[in-house]
Amino acid sequence: MAGRTMQAVRYDGYGGGAAALKHVEIPVPSPKKDEVLLKLEAASINPLDWKIQDGLIRPLLPPRFPFIPVIDVSGEIVDVGSGVNSFKEGDKVVSMLSLWNGGGFAEYAVAPVDQTVKRPPEVSPAEGAGLPVAALAALEAMKYTGAKFDGTGKPGNVLITAASGGVGLFAVQLAKLGNLHVTATCGARNVELVKSLGADEVLDYRTPEGASLTSPSGKKYDSVIHCTAGIGWSTFEPNLSDNGKVIDVTPHFWSVLSFVFKKVTFSKKQWIPLIMERRKENLQLLIELVKEGKLKTVIDSKHPLRRAEEAWAKSIEGHATGKIIVEM
């Protein structure tokens, strides 16, 4: 596709939020070895995307400016690089783009083969694009609970904080598939939604019960999938079972210190910062669960690429229920 151009949205430096996004016309990229070129159909924004713009991972990301953000995408393969035998032109796929290169806010993007899976007709472009980062984080966190999705897992009690957010909504569903008793926290307006996805108990985080994280049925939590910030160990600790653990989906400096402290003091109760592995087989599993109707991508809103700023601003506001999708 040499010589062709495409519409894209990018930013030229750190900061500025939605106002700093610029609509540009640039050359269509070409796939290299073990890469495929996608004609994008949908992309999904994650908080990490705009946190990179804010300089959260400076100076590692972005590696250079200007930068086209967003890595969760779905689309159709229109070209393949050398060494690619598992895909062909016309295949519909879901992919997690390189974090270093981004590229999701555009009509075309280059995707690594090892982070790309085929998308069956039963899974829409928006549903597929909503999966990679958020659903994979939920799935990775579930591994620490011992949950299995084939009916052989042991029963247990799990708390999921911020259950109406991108990761939380997937975590609730996966926990129920894993035969766990689910207590969840969210705002009052999302209580019924979270219940509909399988939560056994839902706490409004603004109430005293929600703030204390106490299970209405008096259960102690074997695991906590912690999908927000601002809740300290002193709140979690009395609600944990003897060997309970808090899996921190959005780890920061203090969570790493907590992890180390619990280890060196031989505490049975643990704080575990989640380090996500980008494993293709996990993304394939999630696609299959959506295809079979066992997992649902909850979509907050859809926006055309020409109005990507609106989607970006909505994500920054932090009140979305589910995934914010940009369609090409």
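In what order do the six strands of the open sheet lie? The order is β10-β9-β8-β11-β12-β13. The legends below start from this sheet in the predicted model.

**View 1. A parallel sheet of six strands lies open.** Pairing in this sheet is parallel. Its edges are β10 (201-204) and β13 (270-273). Each of these two strands pairs on one side only. Neighbouring strands are turned against each other by 20° on average, with direction ignored. In general, strands of a sheet pair through backbone hydrogen bonds, either parallel or antiparallel.

**View 2. Strand β9 runs parallel to the edge strand β10.** Strand β9 covers residues 180-186. Four bridges join β9 to β10. At one position to look for, C186 stands opposite D204 in β10. Helix α4 (residues 166-177) packs on the sheet. This helix touches β8 (156-160), β9 and β11 (221-226). The direction of α4 makes about 165° with that of β9.

**View 3. A162 has a positive phi in the loop between β8 and α4.** Phi of A162 is near 50°. The residue is not a glycine. Most residues other than glycine have a negative phi.

**View 4. Helices α3 and α9 cross at roughly 100°.** Helix α3 spans residues 132-143, and helix α9 spans residues 280-291. Their axes come within 10 Å. Angles of 65 to 115 degrees count as roughly perpendicular, and α3 and α9 are therefore roughly perpendicular to each other. From α3, the contact takes in P132, A135, L136, L139 and E140. From α9, N282, L283, L285 and L286 meet them. The residues of this contact divide into seven nonpolar, one polar and one charged.

**View 5. Two cis peptide bonds precede prolines in the loop between α1 and β4.** The bond from L61 to P62 is cis, with omega near -10°. P62 sits in the loop between α1 (47-53) and β4 (72-80). The bond from F65 to P66 is also cis, with omega near -5°. P66 has its place in the loop between α1 and β4 too. Most peptide bonds are trans.

**View 6. One cavity of 30 Å³ or more is found in a search of the whole structure.** The largest cavity holds about 30 Å³ of space. Which residues line the largest cavity? They are Y11, D49, I52, F67, P69, V70, I71 and L99. By class, the lining has seven nonpolar, no polar and one charged residues.

**View 7. The second largest pocket has a volume of about 550 Å³.** Its lining is made up of 24 residues. Closest to the pocket centre are P29, R64, N101, G102 and V110. Strands β1 (5-10), β2 (22-27) and β6 (108-112) each supply at least two lining residues. Which element gives the largest share of the lining? Strand β6 does, with four residues. By class, the lining of the second largest pocket has 15 nonpolar, five polar and four charged residues.

Definitions and conventions:
Residues are numbered from 1 along each chain as its sequence is written. This is a predicted model: local features need pLDDT of at least 70, side-chain atom pairs count only at pLDDT 80 or more; totals for chains, interfaces and linings use all residues. Side-chain values use heavy atoms; hydrogens and water are left out. Two strands pair if DSSP finds at least two bridges between them. Axes are lines fitted to C-alpha atoms, for helices over the stretch in contact, and angles run from 0 to 180 degrees between N-to-C directions. Contact means heavy atoms within 4.5 Å. Angles under 35 degrees count as roughly parallel, over 145 as roughly antiparallel, 65 to 115 as roughly perpendicular and the rest as oblique. Ala, Val, Leu, Ile, Met, Phe, Trp, Tyr, Cys and Pro count as nonpolar, Asp, Glu, Lys and Arg as charged, and the others, Gly among them, as polar. On a 1 Å grid over the protein atoms alone, a cavity is a set of points where a 1.4 Å probe fits but cannot get out, and a pocket is an open set with protein on both sides within 12 Å along at least five of seven lines; lining residues have an atom within 4 Å of a point. Grid points are joined across faces, edges and corners, and a volume is the space filled by probe spheres set on the points.
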